[in-house]
Amino acid sequence: MKFSYKILVWTIIIMAAAFGMGGYFFVNHVFETSMEREVGQAMDESSILQFAFETAALNIPSKYDMLQDAAIKEIGYNLENGGQGNGRLLRLADEDRTVLYASEGFVEDTAFLEQIQKGSRIYQIIAVPDETQERYYIQTGVVIDALDRILYLETMKEVTEVFEERTQGFAVYRSLTVAMLLVVSVVTFFIATWLTKPIRLLTRATKKMAEGDYSFRAERISNDEMGQLTSDFNRMANALEENIHKLEEEVRAREDFIAAFSHELKTPLTAIIGYADLLRSRRLDEDKHFLSANYIYTEGKRLEAMSLRLLDIIVTKRWDIELQDADAEVLFEYIRDMFAENPDVELKLQYDKSQIRGEINLLKSVLLNLVDNAVKASRDKEEKPVVEVFGQRREDGYFFAVKDYGVGIPPQECKKITEAFYMVDKSRARSKNGAGLGLALCTEILKLHHSELIIESTPGEGSMFSFLLPAEEGETNC
Ligand code: ADP
């Protein structure tokens, strides 16, 4: 059952119970109050009649030494028909409780008569069946001590109207309850529908998201707890969407990586297999033999370099490094040594002597890759190319930069070259033993140092690759 219907049903049940019980107690209270009043009046009338009877008995001529039955009947008749009590119902009985006088219509039952005791006035409420309906009466009883006789006086006062009023009261209340419930149902239906609207909007958003529409958000329509819940839900949906996009990105990157990897593997392997096949199937002259063997060797070396780089990247990704303090100079000296014998380049080093914090072997690898790339990018120049390596102590860390005046990189390629296997000019890169893995490795290493590679380049003019090794707490700036 819908939540709004539940609210509706329970409101109707509670309202029906409250109205029903309230009405019952109210009508009954009114009835009891009326009955108390009627009983009081009936008792008053009984005592008035008792007094009137005793007064009338005193007025009987004294020649009778005793109150005769006939005189009792006469007084009874006068009391029934005389004065204001015209039409009243009464019954008189003698010492043996034998009825001497009874108004027409008085009940014949004498059980109540038997209960009357001297010194007390009693009453009961009785129902007398009529042709069409029951009529209700208050029957009173009292003992009269008149002259030398003990008599029993009973009266009957009709209270059918009070009972009818109660029945009518219940009927009116029933109709009122039904009408109220109808009004309450309509009002509650609208309130419940309005109150549960945020839930419906949230349900719709959840369904949409389950169907794959992660950008769908629930509309916030109130400032209460439901509004808060909607905001929280939307915040959760944002986080979810972000994570899903990240995952999709990762899957895409992995797929690209596998595609590029198999392609990079295929190219040298095809060459190796082709030249090996040539060597085993034909007798070649010395030059061709050497050329084929050389191809197999260089492509084999390229494969080896590629697999080592790949291994480095994989290891770096899983490696939790321990940073050590070291002299920045060590890194620059290493680069100087590595390219000291290289006739293809003029290396210019300029650096501040300072302490740095990092994994020194990994940082050597970063600088070596960057300088190596710079040299490769500059080789085509006619004059001897220059590659500059800077090191600068700054407030927030130590700044490294490798600058060349080589071919440069087109702006749209700058973001992609740090992806594994990405090469701007594939044939050119392969001819220089490149596999597009060097910068991917540098990026991973710098991530471990909480740093990132910044690439600035102008095609035809050269490039600058830089990064800032952040200063750590406790490190002294020299
Ligand atoms: P590779 O092994 O091919 O050098 P890298 O990841 O180191 O792989 O470099 C990716 C590509 O980025 C290179 O193939 C080259 O096209 C480009 N590149 C890198 N450094 C430079 C540079 N200093 N100048 C111009 N192009 C560069």
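Helix α2, residues 69–81, lies across strands β1, β2 and β5 and runs at about 25 degrees to β2. Contact here means heavy atoms within 4.5 Å. Axes are lines fitted to C-alpha atoms, for helices over the stretch in contact, and angles run from 0 to 180 degrees between N-to-C directions. Helices (H or I, at least four residues) and strands (E, at least two) are DSSP runs, numbered from the N terminus. I should state at once that this is a predicted model, in which local features need pLDDT of at least 70 and side-chain atom pairs count only at pLDDT 80 or more, while totals for chains, interfaces and linings use all residues. Residues are numbered from 1 along each chain as its sequence is written, and side-chain values use heavy atoms, with hydrogens and water left out.

Let me stay with α2 for a moment. Asn81 belongs to this helix. Is Asn81 buried, partly exposed or exposed? Its relative accessibility is 30%, so Asn81 counts as partly exposed; buried means under 20% relative accessible area, exposed over 50%, and partly exposed in between, with a 1.4 Å probe and protein chains only. Between the C-alpha atoms of Asn81 and Ser103 the separation is 9.6 Å, and the two residues are 22 residues apart along the chain.

The sheet beneath discussion is open, has 5 strands in the order β2-β1-β5-β4-β3, and pairs in the antiparallel sense. At its edges stand β2 (99–102) and β3 (122–129); each has a single partner strand, so one side of each is left without a neighbour in the sheet. From one strand to the next, the twist averages 25 degrees. Two strands pair if DSSP finds at least two bridges between them. Strand β1, residues 89–93, is joined to β2 by 3 bridges in the antiparallel sense, and Ala93 has Val99 of β2 as its bridge partner. Helix α1 also lies across this sheet, over β1, β3, β4 (134–146) and β5 (149–158), at about 35 degrees to β4.

I turn to the second sheet. It too is described as open, with 5 strands in the order β7-β9-β10-β12-β11, and its pairing is mixed. Its edge strands, β7 (346–351) and β11 (454–458), each pair on one side only. The twist here averages 10 degrees from one strand to the next. Strands β9 (residues 386–394) and β10 (residues 397–404) run antiparallel and are joined by 8 bridges; Arg394 stands opposite Gly397 in β10. Helix α8, residues 328–339, lies across β7, β9 and β10, and runs at about 175 degrees to β7.

Next, the charged pairs. Side chains of opposite charge can pair when their charged atoms come close. A salt bridge is taken as a side-chain nitrogen of Lys or Arg within 4 Å of a carboxyl oxygen of Asp or Glu, and the count by this rule comes to 18. One of them links Glu45 with Arg88, the closest N and O atoms being 3.9 Å apart. Because Glu45 lies in helix α1 and Arg88 in the loop between α2 and β1, the pair ties together parts that are 43 residues apart in sequence. Glu45 is partly exposed at 26% relative accessibility, whereas Arg88 is buried at 16%.

Within helix α7, Glu304 and Lys301 are 3 residues apart, about one turn of the helix. They form a salt bridge whose closest N and O atoms are 3.1 Å apart. Glu304 is partly exposed at 41% relative accessibility, as is Lys301 at 37%. Helix α7, residues 286–318, also holds Glu299, which is buried at 14% relative accessible area. What does Glu299 touch, residues up to four places away in sequence not being counted? Its contacts are Thr267, Pro268, Ala271 and Ile272. A further arrangement is a network of salt bridges that links Asp69, Glu95 and Arg149.

Finally, the surface. Met1, Tyr5, Val9, Trp10, Ile13, Ile14, Val186, Phe189 and Phe190 form a nonpolar patch with about 960 Å² of accessible area together. Patches are made of residues with over 30% relative accessible area and no salt bridge; like charges are joined within 9 Å, and nonpolar side chains (Val, Leu, Ile, Met, Phe, Trp, Tyr) within 5 Å. Accessible areas come from the Shrake-Rupley method with a 1.4 Å probe, and for residues only the protein chains shown count as cover. Helices α1 (3–58) and α4 (160–195) each supply at least two residues of the patch, and the largest share, 5 residues, comes from α1. Phe190 lies in α4 and is exposed, with a relative accessible area of 55%.
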